[in-house]
Amino acid sequence: MSNVPLIRFGTDGWRALIARDYTFENVRICAAAVAAYLKEEGLGDRGAVVGYDTRFGSPEFAAEAAAVIAAEGVPTYLSDQVSPTPVVSYSILHQQAGGGAIITASHNSGLWNGFKYKPDYAGSAPPEIVSRIEHHIDALQAAGGVDAPGRGAPQPKLVDMKGPYLANLATAMDLDAIAASGLRIGIDAMHGAGAGYVTAALDGTGADVQEMRAERNPAFPGMKQPEPIEPNLGPSIEAARAGRFDVVLANDGDADRLGVLDENGTFIDTLSTFSLLCLHQLDGKGLRGPIIRSLTQSAMVDKLAARYDVPVHVTPVGFKFVGPAMITESAVAAGEESGGYAFQGNIPERDGIFSGLLFVELMVRTGKRASELVNLLHETVGEHAYDRLDVDLAPDDPKPDTLALAARPPASIAGLRVTGTDTMDGVRYVLEDGFWGLIRPSGTEPLLRIYAEGDSPQRVAEMLQDLRGLAGA
């Protein structure tokens, strides 16, 4: 069995290169493991939902996974069309299913595909559930794999997942106010699964919505990968600079992440976006309750929480930690640096579509342009800037010893005094005035991620270089 690829779920699901490790055989193994887990937990009778994104082979891989789960005696509901991850997650609640699987590699390049599992509460699976599924995967691989179901096996049922999701959006958001505002909303679907959803949500309201890169293209041309960050949003930035939009909402390949451009085509960093959405929850909607953030999210969140006298709970990176904490703490908002945010009134999971509309609702409520909202935020909590550096790692490249780095911190980073360290996830340097830097190997890709939040873009650039030097990268 030495040539059998190890199937392991990283920060959010299993991802692999299509045709090399990501094969029908391995998808069948993952699906059978999910069925075994559901039956073991007494959830098999409640069924499972299966959805898929716009990647190469995703519809076919999803059909194969659904057929395997159904053949194992678990009622299975297969999406009747391409569906974003948050839509499939919402379908778990709508169907009252025991769990769900999504064929997607999220924001990875078009060479990859993946398999996400969502438990019955429609969030990311925590480590204890993942380890149970991986135990079944190991056993199935050791037994020689899983055959394709025969013709007489039970079949999955095709279902509409889009309609129920849109119905919930209409109750959670003031869509009429968004339409009446006259805001020109640009949508960059990045050739992913989120195409058409904001347009459908605002259909019939008279809202001004224009979509870009809405057609399916598994190659994701013109970008390194379908991640809604500034280097990948060239067409949207050009359109906004030409004066076509008041705001642009961009989603990644499976639409669970959000990127925002203001009216000038300037990218609003993900720390500012989440901080503004938290401000909307606390001030605009008048909600009170804890906020959950990953350790890579902003110190601005902590300052806002203190202003409104609500607690903040910090987790490692990944919604497999953030989502369960959101449920346990009955949080009003939860978010991570990568552009994944969740809010009370929706699922305890990242939702780039919901988050984008919430941002537009904030613009409507305040009457401010997107750029003015960032100014408002900094007037409230002080100047903050942020950036992230991703360093490619070859398979044999050594990863930095984060424990050793934490044990020997420098006196300062880019002129900011180091006041402490933690090793919750990588090594995080706590700096004066609430700023910070982090060195962390990615849990989903062969990358070393280096993060910095400081008091100016110039300071952040210096911090990233100092941190890279510390990491030996």
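**Exercises: a core, a histidine and a helix pair**

Setting aside neighbours within four places in sequence, Tyr-165 is in contact (heavy atoms within 4.5 Å) with Pro-86, Val-87, Tyr-90, Tyr-197, Asp-351, Ile-353 and Phe-354. The model is predicted, so to speak of local features takes pLDDT of at least 70, and side-chain atom pairs need pLDDT 80 or more, while totals for chains, interfaces and linings use all residues. Numbering starts from 1 along each chain as its sequence is written, and side-chain values use heavy atoms, with hydrogens and water left out.

**Exercise 1.** Find which residues touch the most other members of the largest nonpolar core.

*Solution.* Start with the term: such a core is a set of buried Ala, Val, Leu, Ile, Met, Phe, Trp, Tyr and Cys residues joined through side-chain atoms within 4.5 Å. This one has 68 residues, and Tyr-165, Leu-169, Ile-185, Leu-357 and Phe-359 touch the most other members. Next, helix α12 (residues 352–366; helices are DSSP runs of H or I, at least four residues, numbered from the N terminus) supplies the largest share, 8 residues.

**Exercise 2.** Work out whether His-136 is buried or exposed, and what its side chain pairs with.

*Solution.* First, place His-136 in helix α4 (residues 127–142). Its relative accessible area is 16%, so it's buried (under 20%, with a 1.4 Å probe and protein chains only). Then look for partners: beyond four places in sequence, His-136 is in contact with Ala-33, Ala-36, Tyr-37 and Glu-40. Finally, the side chains of His-136 and Glu-40 make a polar contact at 3.4 Å (N or O atoms within 3.5 Å, one able to donate a hydrogen and the other to accept it; residues adjacent in sequence count only if both atoms are side-chain atoms).

Notes. Helices (H or I, at least four residues) and strands (E, at least two) are DSSP runs, numbered from the N terminus. Buried means under 20% relative accessible area, exposed over 50%, partly exposed in between (1.4 Å probe, protein chains only).
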